[in-house]
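Trainee: Could we go through the side-chain contacts of this model together, beginning with how such contacts are defined?

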Amino acid sequence: MEDYLPDLPAHLTEGTNVARVYLHVRDGIISGALRSGDKLGEAALAAELGVSRTPVREALRNLAADGYIEVRPHAGAMVRRWDPDEVNSSFEVRADIEGTAAYRCAERITAHDLLELEQLCDGMEASDDATLRSGLNRTLHMRILRISGVAHAEKIVTQLTDLAILTMTYRQFSDEDTARSDGDHRLLMRAFRLRDGPLAQATMRVHILSAAATLEERRRGLR
């Protein structure tokens, strides 16, 4: 489980001013204190956190790269505006690719691979921290893609897997959503143990599309 997504992204160094600014803005977005379209002024952030503008500028570049904000010429940085159609499409494509990968994974998985995946499930079930669970979940999905051997699948899904959306999805999960997600993972483990490709494929598709439905219900104010 060495490459799970920690509270601080791997490309930042803990304790630095860049990390402080990154976490301050990211956590404000996830909590809802900062909303879509809110502007992020370098000078204001520097004054608020007591740092120079240089680490603020670097943190904003990292936040943009991870999908939390967007930086536009002559307009500066602002909290990203989420396009619902784009988000839904990314989940649908992931469901197709990862469903196929789960099928192939069931055919190729070794006892060691399965143990590693089950340990990731254990870690998720033992944690109530959304950021940690999000990282472990991402690692689980990447491991399955790698085991599957489906050409280019891992690269494509990595491009589609927006870290901001993943973390925000977990932050919006109810207890029921969390239990469902954990149950999906355990059903996947069962399918892998049985080498049941069709069950693994169906479970993975439902798992990903259910997460998309959770986001859509929140967006529409249905829950």
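Mentor: Rings of Phe, Tyr and Trp count as a pair if their centres lie within 6.5 Å. Please keep in mind that this is a predicted model.

Trainee: How many aromatic pairs does the structure hold?

Mentor: The criterion for a pair is that the ring centres lie within 6.5 Å. The rings of Tyr22 and Tyr68, with their centres 6.4 Å apart, satisfy it. For the structure, the number of aromatic pairs is 1.

Trainee: Which geometry do the rings of Tyr22 and Tyr68 adopt, stacked, tilted or edge-to-face?

Mentor: Planes over 60 degrees apart are classed as edge-to-face. Because the planes of Tyr22 and Tyr68 stand at 85°, the pair is edge-to-face.

Trainee: How many residues apart are the two members of the pair?

Mentor: Tyr22 belongs to helix 1 (residues 17-31), whereas Tyr68 sits in the loop between helix 3 (53-65) and strand 2 (69-72). The pair therefore links distant parts of the chain, and its members are 46 residues apart.

Trainee: Is Tyr68 buried or exposed?

Mentor: Buried means under 20% relative accessible area. Since the relative accessible area of Tyr68 is 3%, Tyr68 is buried.

Trainee: How many disulfides does the structure hold?

Mentor: A disulfide requires two cysteine sulfur atoms within 2.5 Å. For Cys105, the nearest cysteine sulfur is that of Cys121, and it is 12 Å away. Cys105 is buried at a relative accessible area of 0%, and Cys121 also counts as buried, at 1%. The number of disulfides is 0.

Key: Residues numbered from 1 in each chain as written. Predicted model: local features only at pLDDT ≥ 70, side-chain atom pairs only at ≥ 80, totals over all residues. Heavy atoms only, no water. Buried < 20%, exposed > 50% of the residue type's maximum accessible area, 1.4 Å probe, protein only. Phe/Tyr/Trp six-rings, centres within 6.5 Å; stacked < 30°, edge-to-face > 60°. Helix = DSSP H or I, 4+ residues; strand = E, 2+ residues; numbered from the N terminus.
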